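Please open your viewer and keep the selection tool at hand, since this tour moves from one selection to the next. Take your time at each stop, and turn the view freely before going on.

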Amino acid sequence: ARGPWHARRRAAPHPRRAEWWGGWEMRFAWGPFAGFGVQGVAALLRVDRVQVPLMDGERLLCGAGYDWLQLAPQGERWWCTAFFRPDGQLEQLYFDITRGNALNGPDSHFEDLFLDVVAEPDGRVFRLDEAELRAAVDAGLVSSAEAARARADADALEARLRAGFPALCALLGRVRAERIPELCAPQTRF
């Protein structure tokens, strides 16, 4: 069974996610948001227990006590996941470049175009998974035109982040604070 808010891919699940996708307990709340020039649906996932923490090298991106705040903007081709430490400090912003976002309340989802943009709390912005996108084109999962559009969308998002990062961080803090009182009872996912 899939949990609330998820990516749909034509290919196998992301290899880095295979290590940790499963065996965790979380609480979930969702609702509308507006800011950073967009509006859509936001979901807060509070991780109470996780079988295998999500690591980026030696850096913990998600473990027990962490919050994930996901923003699914209407009419955009990106999906934001903000990782917050248990003390409420922003750990990282991760943007999936998408074919578009299907906003269906707790069953909202996107189709991943493999390319990702990361923003660090200090404002550094960089791109990931260009090789994954090329492999998807080579495998026929993504057309050359879609890949070009994904790169253009990533370019535009990177410029937007560099110009408005403090405003986005303020939005994330506000939306997270609004959702915390709405968290439901813990749910287990295996």
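The tour starts with the whole chain, then settles on one strand and its neighbours, and ends at a few single residues.

**The whole chain**

Begin with everything displayed as a cartoon, and bear in mind throughout that what you see is a predicted model. The protein holds 3 helices and 11 strands, and if you trace the chain along its sequence you will pass through them in the pattern β-α-β-β-β-β-β-β-β-β-β-α-α-β. If you then switch on a surface, about 8700 Å² of it is exposed, and carbon and sulfur atoms supply 54% of that area. Of the 190 residues, 48% count as buried. Among the contacts with a separation of 6 or more, 56% are made by residues 24 or more positions apart.

**Strand β7**

Now select residues 78–84, which form strand β7. How many of the residues of β7 are buried? The count is 7 of the 7, so this strand is largely enclosed by the rest of the structure. It helps here to recall that in a regular strand the side chains alternate between the two faces of the sheet. With the side chains of β7 shown, look for W78, C80, A82 and F84 on one side and for W79, T81 and F83 on the other, all of them buried, so that both faces are covered.

**The two neighbours of β7**

Add residues 67–73, which make up strand β6. The strands β6 and β7 run antiparallel and are joined by 5 bridges, and one place to look at is L69, which stands opposite A82 in β7. These two strands form a hairpin with 4 residues between them, and in its turn G75 has a positive phi of about 75°.

Next add strand β8, residues 90–102, which is antiparallel to β7 and is joined to it by 7 bridges. Here C80 stands opposite F95 in β8. The hairpin of β7 and β8 has 5 residues between the strands, and within this hairpin G88 takes a positive phi near 90°.

**Aromatic pairs**

A search of the whole structure finds 3 aromatic pairs, and the tour visits two of them. For one, select W68 and F83, whose ring centres are 5.7 Å apart and whose planes meet at 85°, so the pair is edge-to-face. Because W68 lies in β6 and F83 in β7, this pair ties together parts that are 15 residues apart in sequence. Both W68 and F83 are buried.

For another, select W79 and F110, which form a tilted pair with 4.7 Å from centre to centre and 45° between the planes. Since W79 belongs to β7 and F110 to strand β9 (residues 109–119), the parts tied together here are 31 residues apart in sequence. Both W79 and F110 are buried.

**Charges over rings**

Stay with the rings, but now look for charged side chains beside them. Select R176 and F84, and you will find the charged end of R176 over the ring of F84, 4.9 Å from the ring's centre. Then select R160 and F36, where the charged end of R160 sits over the ring of F36, also at 4.9 Å from its centre.

**Two residues with positive phi**

Keep F36 selected and turn to its backbone. Most residues other than glycine have a negative phi. What is the phi of F36? The value is near 60°, which is positive although the residue is not a glycine. F36 is placed in the loop between β2 (24–35) and β3 (38–50), and at 15% relative accessibility it counts as buried, the limit being 20%.

Move on to D129, another residue that is not a glycine, whose phi is positive at about 70°. D129 is found in the loop between β10 (125–128) and α2 (130–138), and its relative accessibility of 14% makes it buried as well.

**Cysteines**

Finally, return to C80 in β7 and display its sulfur. A disulfide is a covalent bond between the sulfur atoms of two cysteines. Which cysteine sulfur is closest to that of C80? It is the one in C169, at 9.3 Å, which is too far for a bond. C80 is buried, with a relative accessible area of 0%, whereas C184 counts as partly exposed at 28% relative accessibility. A search of the whole structure finds 0 disulfides.

Key. Residues are numbered from 1 along each chain as its sequence is written. This is a predicted model: local features need pLDDT of at least 70, side-chain atom pairs count only at pLDDT 80 or more; totals for chains, interfaces and linings use all residues. Side-chain values use heavy atoms; hydrogens and water are left out. Rings of Phe, Tyr and Trp (its six-membered ring) pair if their centres lie within 6.5 Å; planes under 30 degrees apart count as stacked, over 60 as edge-to-face and the rest as tilted. Buried means under 20% relative accessible area, exposed over 50%, partly exposed in between (1.4 Å probe, protein chains only). A charge sits over a ring if NZ of Lys or CZ of Arg is within 6 Å of the ring centre and within 35 degrees of the ring normal. Two strands pair if DSSP finds at least two bridges between them. A disulfide is a pair of cysteine sulfur atoms within 2.5 Å. Contact means heavy atoms within 4.5 Å. Accessible areas come from the Shrake-Rupley method with a 1.4 Å probe; for residues, only the protein chains shown count as cover.
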